[in-house]
Amino acid sequence: RLGHQDPGLRCSALEALGVVSLRGDAQVLDALSEILEDESPDVRRVLLRVFPSVVGVDDEHAVAAVAVRLEHKYSDARRLAAQVLAAIASKGNTKAIGAVSSRLEKEGNADVQKAL
């Protein structure tokens, strides 16, 4: 249901996934990473809440998957990626710092800059 056209159903599916998923499940992580690009603000808000509960702090696969979205063509996706990265990476995580630093140098959107 994560790909359903109804944002309400996508939100419900995300909430359920957050409850039943095993922490660190690579398939779930990949699915959640794709949702970083969802067009619905409601879905993105739910994702921001669910993502950290599904991955462990500093999970390398998760940090890498989210960091890639810092380069997305849409600013909303970049802003959400920065917010999720802040939620899943501990202070001092060098991969997260490197990705954020790299993006900050070229980011022109003020909302994304604030999130970074």
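The following legends describe close-up views of a predicted model.

**View 1. The nonpolar core and its most connected members.**
The largest nonpolar core holds 30 residues, of which Leu32, Leu47, Phe51, Val66, Leu85 and Ile88 touch the most other members. Two or more residues of this core come from each of helix H1 (7–20), helix H2 (26–35), helix H3 (41–54), helix H4 (60–68), H5 and H6. Leu32 is in contact with Leu14, Leu17, Leu47, Phe51 and Val54, when neighbours within four places in sequence are left aside. Leu47 and Phe51 thus appear both among the partners of Leu32 and among the members of the core that touch the most others.

**View 2. Val66 in helix H4.**
Val66 is placed in helix H4 and is one of the core residues that touch the most other members. Its relative accessibility is 0%, and Val66 therefore counts as buried. Apart from neighbours within four places in sequence, Val66 is in contact with Leu36, Phe51, Ala81, Val84, Leu85 and Ile88. For one of these partners, Ala81, the C-alpha to C-alpha distance from Val66 is 5.6 Å, although the two residues are 15 residues apart in sequence.

**View 3. The largest pocket and its lining.**
The largest pocket has a volume of about 180 Å³. Its lining consists of 13 residues, and those closest to the pocket centre are Leu85, Ala86, Ala96, Val100 and Leu116. The elements that supply two or more lining residues are helix H5 (75–88) and helix H6 (94–106). Sorted by class, the lining comprises nine nonpolar, three polar and one charged residues. Leu85 belongs to the residues closest to the pocket centre and is also listed among the core residues that touch the most other members.

**View 4. Arg69 in the loop between H4 and H5.**
Arg69 is located in the loop that joins H4 and H5. With a relative accessible area of 10%, below the 20% limit, Arg69 is classed as buried. The side chains of Arg69 and Glu34 form a polar contact of 3.1 Å. Not counting residues up to four places away in sequence, Arg69 touches Ser33, Glu34, Leu36, Glu37, Ala77, Arg78 and Ala81. Two of these names recur in View 2, since Leu36 and Ala81 are also in contact with Val66.

**View 5. Asn93 and Asp58, a polar contact between two loops.**
Asn93 is situated in the loop between H5 and H6, and Asp58 in the loop between H3 and H4. The side chains of Asn93 and Asp58 make a polar contact of 2.7 Å. Asn93 is buried, at a relative accessible area of 11%, whereas Asp58, at 28% relative accessibility, counts as partly exposed. The phi angle of Asp58 is near 65 degrees, a positive value in a residue other than glycine. With neighbours within four places in sequence set aside, the contacts of Asn93 are Asp58 and Val63.

**View 6. Lys95 in helix H6.**
Lys95 is part of helix H6. Its relative accessibility is 53%, above the 50% limit, and Lys95 therefore counts as exposed. Lys95 touches Glu60 and Val63, residues up to four places away in sequence not being counted; Val63 is likewise a contact of Asn93. The C-alpha atoms of Lys95 and Ala77 are separated by 19 Å, and the two residues are 18 residues apart along the chain.

**View 7. Leu29 in helix H2.**
Leu29 is found in helix H2 and is buried, with a relative accessible area of 3%. Excluding residues up to four places away in sequence, Leu29 touches Phe51, Val55, Asp59, His61 and Ala62. One of these partners, Phe51, is also in contact with Leu32. Between Leu29 and Asp76, 47 residues apart along the chain, the C-alpha separation is 20 Å.

**View 8. Ser53 in helix H3.**
Ser53 lies in helix H3. Its relative accessible area is 36%, and Ser53 is accordingly partly exposed. Beyond the residues up to four places away in sequence, Ser53 touches Gly18 and Arg23. The C-alpha atoms of Ser53 and Ala82 are separated by 17 Å, with their positions 29 residues apart along the chain taken as the sequence separation.

Technical notes
Residues are numbered from 1 along each chain as its sequence is written. This is a predicted model: local features need pLDDT of at least 70, side-chain atom pairs count only at pLDDT 80 or more; totals for chains, interfaces and linings use all residues. Side-chain values use heavy atoms; hydrogens and water are left out. On a 1 Å grid over the protein atoms alone, a cavity is a set of points where a 1.4 Å probe fits but cannot get out, and a pocket is an open set with protein on both sides within 12 Å along at least five of seven lines; lining residues have an atom within 4 Å of a point. Grid points are joined across faces, edges and corners, and a volume is the space filled by probe spheres set on the points. Helices (H or I, at least four residues) and strands (E, at least two) are DSSP runs, numbered from the N terminus. Ala, Val, Leu, Ile, Met, Phe, Trp, Tyr, Cys and Pro count as nonpolar, Asp, Glu, Lys and Arg as charged, and the others, Gly among them, as polar. A nonpolar core is a set of buried Ala, Val, Leu, Ile, Met, Phe, Trp, Tyr and Cys residues joined through side-chain atoms within 4.5 Å. Buried means under 20% relative accessible area, exposed over 50%, partly exposed in between (1.4 Å probe, protein chains only). Contact means heavy atoms within 4.5 Å. A polar contact is a pair of N or O atoms within 3.5 Å; within protein, one must be able to donate a hydrogen and the other to accept it, and residues adjacent in sequence count only if both atoms are side-chain atoms.
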